Amino acid sequence: MKALRNDCFALPPGVNWTPVDEALERLRSRLHTVVDVERAVPLSRLNGRILASDVVAPRAHPPSSNSAVDGYAFAGPVTEVPCTMPLVDGRSAAGAPYAGRVPHGHAIRILTGAMMPAGTDTVVLDEDCDVIDGQLHLNGTLKGGANSRKAGEDIRVKDTILTAATRITPTQISVLASVGIASVDVYQPLRVGILSTGDEVKPVGSTVADWQIYDANHPMLSALVSQLGYQVVDLGHVPDRADDVKAALERGAQQCDLILTSGGISAGDEDHVSKTLKAHGDISNWRIAIKPGRPLALAMFQGTPVVGLPGNPVAAWVCALRFGAPAMALLAGGEWFEPQGYVLPANFSKHKKPGRSEMLRARVREGQVEVFGSEGSGRVTGLAWSEGLVELDESAQKIEPGSPVRFIPYGSFGL
Ligand SMILES: Nc1nc2c(c(=O)[nH]1)N[C@H]1C(S)=C(S)[C@@H](COP(=O)(O)OP(=O)(O)OC[C@H]3O[C@@H](n4cnc5c(N)ncnc54)[C@H](O)[C@@H]3O)O[C@H]1N2
Ligand code: MOO
């Protein structure tokens, strides 16, 4: 494992508003894998893990030629019809191959998934033929090889079937199993510490005064991190006191590969996350030209990277997805990604100022993109309502119903 440099988040002097693309490029170029490899992890524990090395097929798929349908096998093609062939005795079934050779000009009963007997390469479907008195009758022509699956047509021995840095999902598990691979080397799960801050913030379950609010960010970020396939380390909640913030960050630095904090990062008198990171770490307060999520603190604290998310839940969510998800993928051994967006017609109107990107809570209905009624960064109802984000770039834009906009479903962030 290679440690990150302490100055990895530094911004060049004089930079004030960092455009989103530049902020992303800075993260991409400065972060790398920080987790160790875990050897020979079995298929049953692979879902969501990240491959540490390329995987090569020890066996072909399919291992032998077999029939794709129920029907009759013979040597193709059939170019002239009507065509009649005598049937040989016996059959080839899945799990019970025919041992003999089928003479040229003869056919044999075959079932889906059964090995193609020697002397055959083509199969006619039951529906496309008749059997009368031990003779197969075909009324349509067939190309040679029709309805059969060739040995190795999907995977050949020694093919690279999956590459390092791939996140394993159920579909990749199926590929591994198909060629008999029982275990592979993956990275240890990225341990992500989650810390909420703020005197006004109280964990759900505690007694709250009128001036206090429940902690919406900690449970949201925990669910996000675990859904992305990482290990959540609960660093709890601390009040706006420098000593408490420092102690929590110290715990995080010992137990985690990355710490996500929320709140306390703008320039206010009580923004103790910023202050603590400034006093005891290497912090760079990024002012990103994005709404919501302008303030984003990136720091190294005792060798551990810290992403200081804004306190407003919508801003915390947007920053965690737009900046946090690709950054976590890279730290975890995966690949940096640019979330796939889809250009679709808007069903809303908006005048956007130039100079900053905007991310709106959105969803698609009947092929059109709708956005949440309020852009307020504290409106958690819009989070629950949304199924993705609309990203409007820095240029000024006048959006009217029918204008093309870029919708990024939450699935594109790995959810
Ligand atoms: N003078 C300026 N003030 C502010 C600016 C600015 O540029 N100049 N930016 C505003 C923006 S935008 C945001 S976002 C916030 C970010 O500030 P912090 O990250 O320091 O966040 P806090 O001030 O601690 O909290 C902001 C807001 O979010 C609520 N919050 C905090 N944590 C939670 C939580 N775990 N669950 C639910 N809600 C939470 C908190 O009560 C505040 O209402 O700064 C603006 N100010
Ligand atoms: O951008 Mo703040 O991050 O609007 O809520």
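# Briefing: sheets, helices and two ligand sites

One open sheet here has 6 strands in the order 8-5-7-6-10-9, with mixed pairing; strands pair if DSSP finds at least two bridges between them, and helices (H or I, at least four residues) and strands (E, at least two) are DSSP runs, numbered from the N terminus. The model is predicted, so to speak of local features requires pLDDT of at least 70, side-chain atom pairs count only at pLDDT 80 or more, and totals for chains, interfaces and linings use all residues. Residues are numbered from 1 along each chain as its sequence is written, while chains are lettered from A and ligands numbered from 1 in the order in which they are written.

**The 6-stranded sheet**

- Its edge strands are strand 8 (122-125) and strand 9 (129-132), each of which pairs on one side only.
- On average, neighbouring strands of this sheet are turned by 40° against each other, direction ignored; axes are lines fitted to C-alpha atoms, for helices over the stretch in contact, and angles between N-to-C directions run from 0 to 180 degrees.
- Strand 6 (residues 83-92) pairs with strand 10 (residues 135-138) in the antiparallel sense over 4 bridges, and Met85 has Leu136 of strand 10 as its bridge partner.
- Strand 9 and strand 10 also run antiparallel, joined by 4 bridges, with Cys129 opposite Leu138 in strand 10.
- The hairpin of strand 9 and strand 10 has 2 residues between the strands, and Asp133 takes a positive phi near 50° there.

**The 7-stranded sheet and its helices**

- A further open sheet has 7 strands in the order 1-19-21-22-18-14-17, again with mixed pairing.
- Strand 1 (17-18) and strand 17 (231-238) are the edge strands here, each pairing on one side only.
- Strand 14 and strand 17 are parallel and share 6 bridges; Val192 has Val232 in strand 17 as its bridge partner.
- Helix 3 packs on this sheet and touches strand 14, strand 17 and strand 18, with a direction at about 170° to that of strand 14; contact is counted when two residues have C-beta atoms, placed from the backbone, within 7 Å.
- Helix 5 packs on the sheet as well, touching strand 14, strand 18, strand 19, strand 21 and strand 22, and its direction makes about 35° with that of strand 21.

**Buried and exposed residues**

- The buried residues of helix 5 (residues 272-280) are His272, Val273, Ser274, Thr276 and Leu277; a residue is buried if 20 or more other C-beta atoms lie within 10 Å of its own, exposed if 12 or fewer, and partly exposed in between, with C-beta atoms placed from the backbone.
- Those buried residues of helix 5 pack against elements including helix 4 (242-255), strand 18 (258-262) and strand 22 (304-309).
- Leu224 lies in helix 3 and counts as buried because 25 C-beta neighbours fall inside 10 Å.
- The C-alpha atoms of Leu224 and Gly264 are separated by 21 Å, and the two residues are 40 residues apart along the chain.
- Asp269 sits in the loop between strand 18 and helix 5 and counts as exposed because it has 7 C-beta neighbours inside 10 Å.
- From Asp269 to Glu391 the C-alpha to C-alpha distance is 32 Å, with their positions 122 residues apart in sequence.

**Ligand surroundings**

- Ligand 1 is surrounded by 25 residues, the closest being Asn217, Gly263, Ser266, Pro310 and Gly311; a residue is near a molecule or strand if its C-beta atom, placed from the backbone, lies within 6 Å of it.
- Helix 3 (217-227) and helix 6 (313-331) are the elements that give two or more residues to the shell around ligand 1.
- The shell around ligand 1 divides into 8 nonpolar, 13 polar and 4 charged residues; Ala, Val, Leu, Ile, Met, Phe, Trp, Tyr, Cys and Pro count as nonpolar, Asp, Glu, Lys and Arg as charged, and the others, Gly among them, as polar.
- Around ligand 2 stand Lys291, Pro292, Gly293, Arg294, Pro310, Asn312, Ala315 and Ser377, a shell of 3 nonpolar, 3 polar and 2 charged residues.

**Domains and the C-terminal strands**

- The domain assignment gives domain 1 (17-36 + 189-331), domain 2 (39-61 + 155-187), domain 3 (66-149) and domain 4 (342-413); such bounds come from an automatic or database domain assignment.
- The centres of domain 3 and domain 4, taken over C-alpha atoms, are 56 Å apart.
- Strand 23 (residues 342-345) runs antiparallel to strand 29 (residues 404-409), joined by 4 bridges, and Leu344 has Val405 in strand 29 as its bridge partner.
- Strand 27 (residues 388-392) is likewise antiparallel to strand 29 over 4 bridges, with Val390 opposite Phe407 in strand 29.
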